[in-house]
Amino acid sequence: MSTRRKFLQSSLAGSAALLSGKELLACGETKYDVQKNNPIVISTWDFGKEANAAAWKVLSSGGRALDAVEQGVMVPEADVKNQTVGYGGLPDRDGRVTLDACIMDENYNCGSVMCLEHIKHPISVARKVMEKTPHIVLTGDGALQFALANGFKKENLLTPESEKAWRKWLKTSKYEPVMNIENQLHNKENDPMPGGPQNHDTIGMVAMDATGQLSGACTTSGMAFKMRGRVGDSPIIGAGLYVDNEIGAATATGVGEEVIRIVGSFLVVELMRQGNSPEEACKKAVERIISRSPEKSKKLQVGFLALNKKGEFGAYALQKGFSFAVKNGSEEKLYDVKHIY
Ligand code: SD4
C-alpha cells in the first residue's frame, strides 16, 4: 500500500531546521514514524545527495538495494571534480591513485578490492569479486588483473588537478590527515578544485529496498598522500561497512586506522542489535574511539552512519563538519551530524 513515510521530528530538532539548506540534528534525536516497505537510501557527506538520486532510480522502480548502492556510489566514483573517490582521487605519496571499495548484500555476501589502480569503478569490481569468485578480497595487481579479465577498462585516474595538488604536497611531504576534506581542498590559495567549497570524503551508502532487504557500499581513494600500499577501513568488511539484514547496516568515514581499530561498522550494527537507535549506536562507536585513542581522537575526524531494519537512521562524528544525505519516498535532505568535540 502506501509507501509514504511520515516524518516526525522532535520539536527541538524541528526548530533548528533548514540552515543553509541543511537540517540540523543538533537538539535531540530525530523521530520517525516508519511504515513498512518504504525504500530508503542514506549516504555520507553532501555529495551523497547526487549518489542517492541514482540509487533512488533503482529503489523507486522496485529494484534491489544491492543494485541501488552500486549505482549510487558510481556517481562520485566517476566525478572528475571529486578528489576523494574514484576517478580524480588524490594519489598516494608516490603519485599513484589507489582505490579501496567494498559491497555487501542482504545475505552476508560481500566483496572487496584494496589498493586497486586504473579502474574507475572499484565498487563494480568488488561486486564481481563477490559474485564471481570464491573469495571476498582481492588486492593490488591481482584485483587489477581480475578487473581487466572481467571487461573493465584500464584508465589513467590521475587528473591534472590531483597531480597538481600532489606536486604541491611534495614540497613539504608531510602526511597530515585533515579534519574534513573541505578544509584540505578549499579556502586556500590556488584551490586545486574549482567550483567552490564542498564537503565530502569517502562515500558510504546503505539502503533498504521495497522488500525490506538491506545492502551497503563504500568506496574511496583513501587518505590523500598515504604510503604506497596503505589500505584504510573502507574496503574492510566490518570496519568501513557492515550489513546484517536482521538488524541494520552501517558505514564509516574519516581516518580509517581508528575505524579499523574498533571494527567500527560492525560495532555500530551490534550496538543496534542491543537495542540502541542508529544515532545512539553511532555515538557509542565514536565514544569507543575516544576511549581507545583519547589524545589522537581530538585531532582527527571519524563519522558513522547507520540505518536499522525499521528504516530509522542516524549518525555521529568526532568533530564538527560531517554530514549525510537521505532519500526516501517523502524526503530528500542533507543533515549536519552531531559531534563530540
Ligand atoms: C580511509 N576512511 O582511507 C577512508 C578515507 C576517508 O578521510 O574517509 N578519509 O581511511
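**Strand S8 and the aromatic pairs**

Met208 stands opposite Leu214 in strand S9, a contact described here, like every other feature in this passage, from a predicted model. The two residues belong to a wider pairing, in which S8 and S9 (residues 214-220) run in the antiparallel sense and are joined over six bridges. Five residues lie between the strands of this hairpin, and among them Gly212 adopts a positive phi near 85°.

S8 is also paired with strand S4 (residues 40-44), to which it is connected by four bridges, again in the antiparallel sense. Within this pairing, Val41 has Ala207 of S8 as its bridge partner. The burial of S8 was examined residue by residue: Ile203, Met205 and Ala207 point to one side of the strand, whereas Gly204, Val206 and Met208 point the other way, and all of them are buried. Since buried denotes a relative accessible area under 20%, and six of the six residues of S8 (residues 203-208) are buried, the strand is largely enclosed by the rest of the structure.

The structure also contains six aromatic pairs. One of them is formed by Trp45 and Phe322, whose ring centres are 5.0 Å apart and whose planes meet at 65°; because an angle over 60 degrees counts as edge-to-face, the pair is assigned to that class. Trp45 lies in the loop between S4 and helix H2 (48-60), while Phe322 lies in the loop between strand S13 (313-317) and strand S14 (323-328), so that the pair links distant parts of the chain, 277 residues apart. Trp45 has a relative accessible area of 1% and is therefore buried, and Phe322, at 1% relative accessibility, is likewise counted as buried.

A further edge-to-face pair is made by Phe313 and Phe324, with 5.9 Å from centre to centre and 80° between the planes. Phe313 is located in strand S13 and Phe324 in strand S14, eleven residues apart in the chain, and both residues are buried. Together with Tyr335, Phe313 and Phe324 make up one aromatic cluster.

Aromatic rings are also found beneath charged groups. The charged end of Lys120 sits over the ring of Tyr87 at 4.9 Å from the ring centre, and the charged end of Lys327 sits over the ring of Trp56, in this case 4.7 Å from the centre.

Terms used:
Residues numbered from 1 in each chain as written. Predicted model: local features only at pLDDT ≥ 70, side-chain atom pairs only at ≥ 80, totals over all residues. Heavy atoms only, no water. Buried < 20%, exposed > 50% of the residue type's maximum accessible area, 1.4 Å probe, protein only. Pairing = 2+ DSSP bridges. Phe/Tyr/Trp six-rings, centres within 6.5 Å; stacked < 30°, edge-to-face > 60°. Lys NZ or Arg CZ within 6 Å of the ring centre and 35° of its normal.
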